Each structure stands twice: as C-alpha cells, then as structure tokens.
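Reader: I am new to this structure. Please pick one part and take me through it closely.

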Amino acid sequence: MANVKNRYPLSTSDGQYIPLAVVRPQSCLLQSILTASASAAQSVPADIDYFQIFSDQDLVIQFAASAAVAAAPVSGTPVTDAILVQKNILQVISPPIDKKSFSLRALTVNGTVLISFLEPWNALSLQSQITRR
C-alpha cells in the first residue's frame with residue numbers, strides 16, 4: 001500500500017504504526033452532496049497526500065486533472081478515478097497524484113460530507129527519524 005513516494009500511509013519508515021492523532025490537519029471542507037447533480041469541482045490543496053472523509057450519506061468522490069464532475073454510477077460501467085465513501089464511516093484516502101480536482105455525488109439520499117486535508121507525518125518529522133542508517 002505504499003504510495004508513489006514509497007511511504008506507507010500512517011507508518012514510520014521501519015513499519016511502526018502511527019495513529020491518526022499524529023497527523024496534522026491542514027484544513028477542512030464541509031460540503032453538501034446531492035443525488036441529482038455533482039458538487040462543484042474543488043481543488044486538492046497543494047502538498048496534500050491524504051483526505052479524511054466523513055459523510056452522513058453514501059457518496060462517490062471522483063478525481064480529475066481539472067474540473068472534476070462526479071458521474072452518476074451506472075450498472076456495469078466503471079467510474080474511473082473514483083471511490084465509494086460509505087455513510088457514518090471515517091475513511092482515509094490518498095487522492096491520485098496527477099488528479100488535482102475532485103467532485104462529490106450522493107448515491108441515494110442528499111447529505112453532508114466533511115473532508116479534512118491531512119499533512120503527512122513524514123513532513124512533520126526530523127530527517128534523522130525517516131532515514132535508515
């Protein structure tokens with residue numbers, strides 16, 4: 001599960017687990033979500049590797065290089081660069097590195113989602129803590 005920077009989300013370079021409480025939030029976004037239409041495209045903040053998402057309804061978040069529009073899922077048709085977020089479950093995801101825009105769409109009922117943009121732990125550590133000798 002290493003990302004393109006060869007860091008496992010929320011662990012040290014030697015594989016020790018780091019709880020979410022160690023990660024520094026950069027900002028958060030409260031967004032209404034609708035089933036009838038996708039939310040307006042939002043930009044992924046610079047240097048953000050992880051989103052922490054909580055929603056009161058099931059939703060799809062779709063990423064794009066620019067001007068993302070979350071497509072309504074259709075039976076048997078894959079939705080590219082998208083992920084399902086189940087309601088009432090806190091989920092951490094890593095957006096695609098080359099997709100700096102995202103949009104949201106509720107699946108069955110309108111609702112609200114809260115997204116926290118997280119600063120990676122390695123950015124907060126000393127170089128000696130992340131370099132193997």
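Author: What follows is a close look at one sheet, then at what lies around it.

A word on the basis. This is a predicted model, where local features need pLDDT of at least 70, side-chain atom pairs count only at pLDDT 80 or more, and totals for chains, interfaces and linings use all residues. Residues are numbered from 1 along each chain as its sequence is written, and side-chain values use heavy atoms, with hydrogens and water left out.

Start with the sheet itself. It is an open sheet of 4 strands in the order 2-7-4-5, and its pairing is antiparallel. Strands here are DSSP runs of E with at least two residues, numbered from the N terminus. Two strands count as paired if DSSP finds at least two bridges between them. Strand 2 (42-43) and strand 5 are at the edges. Each has a single partner strand, so one side of each is left without a neighbour in the sheet. Strands of a sheet pair through backbone hydrogen bonds, either parallel or antiparallel.

Look at one edge. Strand 2 pairs with strand 7 in the antiparallel sense, over 2 bridges. There, Gln-42 stands opposite Phe-102 in strand 7.

Now go to strand 4, which holds Gln-62. Is Gln-62 buried or exposed? Gln-62 is buried, with a relative accessible area of 11%. The cut-offs are these: buried is under 20% relative accessible area, exposed is over 50%, and partly exposed is in between (1.4 Å probe, protein chains only). The side chain of Gln-62 makes polar contacts to backbone atoms. One reaches the backbone nitrogen of Ala-71 at 2.8 Å. Another goes to the backbone oxygen of Thr-80 at 3.0 Å. A polar contact is a pair of N or O atoms within 3.5 Å; within protein, one must be able to donate a hydrogen and the other to accept it, and residues adjacent in sequence count only if both atoms are side-chain atoms.

Gln-62 has other neighbours too. Not counting residues up to four places away in sequence, Gln-62 touches residues including Val-69, Asp-81, Ala-82, Phe-102 and Ser-103. Contact means heavy atoms within 4.5 Å.

Asp-81 leads on to the salt bridges. A salt bridge is a side-chain nitrogen of Lys or Arg within 4 Å of a carboxyl oxygen of Asp or Glu. How many salt bridges does the structure hold? The structure holds 2. One joins the side chains of Asp-81 and Lys-99 at 3.6 Å, N to O. Asp-81 lies in the loop between strand 4 (59-64) and strand 5 (82-85), and Lys-99 in the loop between strand 6 (91-93) and strand 7 (101-106), so the pair ties together parts that are 18 residues apart in sequence. Another links the side chains of Lys-99 and Asp-98 at 3.8 Å, N to O. Asp-81, Asp-98 and Lys-99 are thus linked in a network of salt bridges. Their burial is as follows. Lys-99 is buried at 18%. Asp-81 is partly exposed at 35%. Asp-98 is exposed at 51%.

The loop between strand 4 and strand 5 also holds Ala-67. Ala-67 has a positive phi of about 50 degrees, although it is not a glycine. Most residues other than glycine have a negative phi, and most peptide bonds are trans. Ala-67 is exposed, at 59%.

Next comes the core. In the largest nonpolar core there are 17 residues, and Phe-51, Ile-53, Ile-61, Phe-102, Leu-104 and Ile-115 touch the most other members. A nonpolar core is a set of buried Ala, Val, Leu, Ile, Met, Phe, Trp, Tyr and Cys residues joined through side-chain atoms within 4.5 Å. At least two residues of this core come from each of strand 1 (24-33), strand 3, strand 4, strand 7 and strand 8 (111-119). Leu-104 is worth a look. Leaving aside neighbours within four places in sequence, Leu-104 is in contact with residues that include Ile-33, Ser-37, Leu-59, Ile-61, Val-113 and Ile-115.

A further sheet shares in this picture. It is an open sheet of 4 strands, in the order 1-8-3-6, again with antiparallel pairing. Its edge strands are strand 1 and strand 6, each pairing on one side only. Strand 3 and strand 6 pair in the antiparallel sense over 3 bridges. Ile-53, named above in the core, stands opposite Gln-91 in strand 6.
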